[in-house]
Amino acid sequence: MSHVTFFLLYVNLSTGAEPLYGTDSRQSGRCRRFSVTACSVHFVRTKSQLNRVPESGACAVVVRGMCGRTACTLAPDEVSRACVYRDRRGHRRQPRWKDGDREKYRPSYNKSPQSMSPVLVSQRHFDESAPADECVLASMRWGLIPSWFKENDPSKMQYSTSNCRSENILQKKSYKDPLLKGQRCVILADGFYEWQKLEKNKQPFFIYFPQTRTPDQDPEDHQTKSVEGAPPEWTGWKLLTMAGLFDCWTPPDGGEALYSYSIITVNASPNLQSIHNRMPAVLDGEEEVRRWLDFGKVKSLDAMSLLQSKNILTFHPVSSVVNNSRNNNPECLQPLDLNSKKEPRPTASSRMMTSWLSSGSPSKSKEAGVSERKEDGKAKKKRESSGTLQQWLQKKARTK
């Protein structure tokens, strides 16, 4: 995943090194050539911070980040039902939300770093008497704040922790400490966005698990009939499960503890390499999710073997409306035909989407501020013949 909102950085400059090209924002976005030897890098978050950079010997440059947008449109109860898991004994269980966290989560078509996302973790992190294989849902801030961070304001972090490379986990204290403490989590999402760099611009894609349908699916509540004593099996949208690390930070001057996470990334799978050279470390199936979370049984170094590039995801191009994180509506997910810029024909990997999403909760469209639309007969006929995801998006707009 890539973050299309570029970060501004400033670096100390000197001469005699190999040239590096960057953008000095003081020059109204014009590019100039400058050279760098050793440099110290800091995030510039505001114009006032940029103005404090010395006019001589420093320059603001633009760099492209990785893994910067996701979508998670399920309502809180749906997230819980979609996360039914099997414990060590093979019993199906439905995770509950951690106290107070259900209200912190907001469905969104366009989540960016610093937003709150649904995360699956071991209950033992919050209750020492709980079995390590018992899971709970929590709302955590995207962008890990280390427990040892000394500032009172998390925004004063001078480097990005939205992602951590699997190759560097044991080399960086911010990630090594949580890993060795067993603070592993699974980030949940419908999918993530990635931007393919083209000759003149960038094309966004939405990337997700291929969706399948079971014969006994109930289109009204997206679940099969429950086995006595066990929660029903979810047969709706299969959430993407990404491996991550989390930490708990408390402001030095006191205050509420903040839980935050970082998504672990690996080299891109063959089918995604044309879009980006990195991808999230995807956990495929209940067993991999259980092993990643069960820090009581699966030690950290053994769990790292799960961090592999997996050629199992599917994708489709979407509109550049997703480029702006303030745009939070179904258009962000809408399939796009790159040739005609109109809705494409359905593909085998996405045909299942309408069967359950078309009857989903209208709470998602309300969260995203979707406005009601009217359709005439021609538009309705076109909708019925379009791809499954497209049908769902239009259904959301009408059910506000």
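Lysine 173 makes a handy starting point: leaving out residues up to four places away in sequence, lysine 173 touches Trp148 and Pro178. Please keep in mind that this is a predicted model. From lysine 173 the tour moves on to the strands, the nonpolar cores, a buried threonine and the cysteines.

**Around lysine 173**

- Lysine 173 belongs to helix H3, which covers residues 173-180.
- The side chain of lysine 173 reaches that of aspartate 177 through a polar contact of 2.9 Å.
- Proline 146 lies 27 residues from lysine 173 in sequence, and their C-alpha atoms are 8.7 Å apart in space.

**A five-stranded open sheet**

- One open sheet has 5 strands with antiparallel pairing, in the order E9-E6-E14-E15-E19.
- Its edges are strand E9 (108-111) and strand E19 (314-317), each of which pairs on one side only.
- On average, neighbouring strands of this sheet are turned by 30 degrees against each other, direction ignored.
- Inside the sheet, strand E6 (residues 70-72) pairs with strand E14 (residues 191-197) in the antiparallel sense, over 2 bridges.
- If you want to find this pairing on screen, look for alanine 71, which stands opposite glycine 191 in E14.
- As general background, strands of a sheet pair through backbone hydrogen bonds, either parallel or antiparallel.

**Strand E10 and its partners**

- Strand E10 (residues 116-122) is mostly covered, with 6 of its 7 residues buried.
- E10 runs antiparallel to E11, and 7 bridges join the two.
- Valine 119 has alanine 138 in E11 as its bridge partner.
- E10 also pairs with strand E13 (residues 184-189), again in the antiparallel sense, over 2 bridges.
- In that second pairing, leucine 120 has valine 186 of E13 as its bridge partner.

**Nonpolar cores**

- The largest nonpolar core holds 69 residues, and those touching the most other members are Leu120, Tyr193, Tyr261, Ile264, Trp292, Leu307 and Leu313.
- Strand E11 (residues 135-142) gives this core its largest share, 6 residues.
- A second, separate core has 5 residues, among them Ile145, Phe149, Trp249 and Leu258.
- Leucine 307 is in contact with Ser166, Ile169, Ala243, Ile264, Val266, Ala281 and Trp292, not counting residues up to four places away in sequence.
- In general, nonpolar side chains tend to be buried together in soluble globular proteins.

**Threonine 161**

- You will find threonine 161 in the loop between E11 and strand E12 (163-165).
- Threonine 161 counts as buried because its relative accessibility is 4%, below the 20% cut-off.
- Leaving aside neighbours within four places in sequence, threonine 161 is in contact with Gly143, Leu144, Tyr175, Tyr261 and Ser262.

**Cysteines**

- The disulfide count comes to 0.
- Why does cysteine 135 have no bond to cysteine 83? The sulfur of cysteine 83 is the closest cysteine sulfur to that of cysteine 135, but it is 8.9 Å away and therefore too far for a bond; a disulfide needs the two sulfur atoms within 2.5 Å.
- Cysteine 135 counts as buried, because its relative accessibility is 9%.
- Cysteine 332 counts as buried too, with a relative accessibility of 0%.

Notes. Residues are numbered from 1 along each chain as its sequence is written. This is a predicted model: local features need pLDDT of at least 70, side-chain atom pairs count only at pLDDT 80 or more; totals for chains, interfaces and linings use all residues. Side-chain values use heavy atoms; hydrogens and water are left out. Helices (H or I, at least four residues) and strands (E, at least two) are DSSP runs, numbered from the N terminus. Contact means heavy atoms within 4.5 Å. A polar contact is a pair of N or O atoms within 3.5 Å; within protein, one must be able to donate a hydrogen and the other to accept it, and residues adjacent in sequence count only if both atoms are side-chain atoms. Two strands pair if DSSP finds at least two bridges between them. Axes are lines fitted to C-alpha atoms, for helices over the stretch in contact, and angles run from 0 to 180 degrees between N-to-C directions. A nonpolar core is a set of buried Ala, Val, Leu, Ile, Met, Phe, Trp, Tyr and Cys residues joined through side-chain atoms within 4.5 Å. Buried means under 20% relative accessible area, exposed over 50%, partly exposed in between (1.4 Å probe, protein chains only).
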